[in-house]
Amino acid sequence: MTLTIRHMREDDVESVQDVARTSWNSTYEDIIPLDVQANFLKMAYNSEQLQRRLEHSLFLVAEEGERIVGFANYSTVKEDGSAELAAIYLHPQYQGKGIGSSLLKRGIEELSGVRSVWINVEKENWSGLSFYAAKGFEVVREFEEDFDGHVLKTVRMELIVAK
């Protein structure tokens, strides 16, 4: 497997949308109703939103050969040295191959001055929770939120990168 981690480009939008849709449907099929997933994907991963993220955040893609198989999206580093990891998503057949770890490592390397990385994970997303825990993220708190009419149980996690 020849894997390349690089910055997202404008011509990657459709591939990123495909990864988002495929991974969301696979990860959340028994957790979040399909119509709620579809509404979220339409809102968060439409072309305009992706263009905005491309311009105002760190957006990395993982490419195997010519195919985008995953991505990670980070906020810029705030004054307190923290950054938000908005998403790491992979095509289901590419999970467990070290790609998510590569996207996490590269993101942290590129976030100048980052001291901590935060992420919100759905409580029933066992693969996500175990992935982040294995990388050193610790649970900070749990809360419920209204997610388009669906109650989402969210786990807030933090990774201390540097003191």
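Which residues does Asp-12 touch, not counting residues up to four places away in sequence? I looked this up before anything else, and found that Asp-12 touches Arg-6, His-7, Val-61 and Ile-68, where contact means heavy atoms within 4.5 Å.

**Basis.** I am reading a predicted model, in which local features need pLDDT of at least 70 and side-chain atom pairs count only at pLDDT 80 or more, while totals for chains, interfaces and linings use all residues. Residues are numbered from 1 along each chain as its sequence is written, and side-chain values use heavy atoms, with hydrogens and water left out.

**Asp-12.** I placed Asp-12 in the loop between β1 and α1; helices (H or I, at least four residues) and strands (E, at least two) are DSSP runs, numbered from the N terminus. Its relative accessible area is 4%, so I noted Asp-12 as buried, given that buried means under 20% relative accessible area, exposed over 50% and partly exposed in between, with a 1.4 Å probe and protein chains only.

**The sheet.** I then followed the strands, and found seven of them in an open sheet of mixed pairing, in the order β1-β2-β3-β4-β5-β7-β6; two strands pair if DSSP finds at least two bridges between them. The edge strands, each pairing on one side only, are β1 (3-7) and β6 (138-147). From one strand to the next the twist averages 25 degrees, with axes taken as lines fitted to C-alpha atoms, for helices over the stretch in contact, and angles running from 0 to 180 degrees between N-to-C directions.

**Strand pairs.** I checked three pairs in turn.
- β2 (residues 58-64) and β3 (residues 67-74) are antiparallel and share seven bridges, and Val-61, one of the residues that Asp-12 touches, stands opposite Phe-71 in β3.
- β4 and β5 run parallel and are joined by three bridges, with Glu-84 opposite Trp-118 in β5.
- β6 and β7 run antiparallel with nine bridges between them, and Glu-145 stands opposite Leu-152 in β7; their hairpin has two residues between the strands, and there Asp-148 takes a positive phi near 55 degrees.

I also noted that β5 is largely enclosed by the rest of the structure, because six of its seven residues are buried.

**Helices on the sheet.** I saw that α1 (residues 13-28) lies across β2, β3, β4 (82-90), β5 (116-122) and β6, at about 80 degrees to β3. Helix α5 (residues 126-134) lies across β4, β5 and β7 (150-160), at about 160 degrees to β5. Within α1 I looked at Asp-18, which counts as partly exposed because its relative accessibility is 29%; its C-alpha atom is 8.6 Å from that of His-91, although the two residues are 73 residues apart along the chain.

**The largest pocket.** Where, I asked, does the largest share of the lining of the largest pocket come from? It comes from β4, which gives seven residues. The lining holds 18 nonpolar, 13 polar and five charged residues, with Ala, Val, Leu, Ile, Met, Phe, Trp, Tyr, Cys and Pro counted as nonpolar, Asp, Glu, Lys and Arg as charged, and the others, Gly among them, as polar. A pocket here is an open set of points on a 1 Å grid over the protein atoms alone, where a 1.4 Å probe fits, with protein on both sides within 12 Å along at least five of seven lines, and lining residues have an atom within 4 Å of a point.
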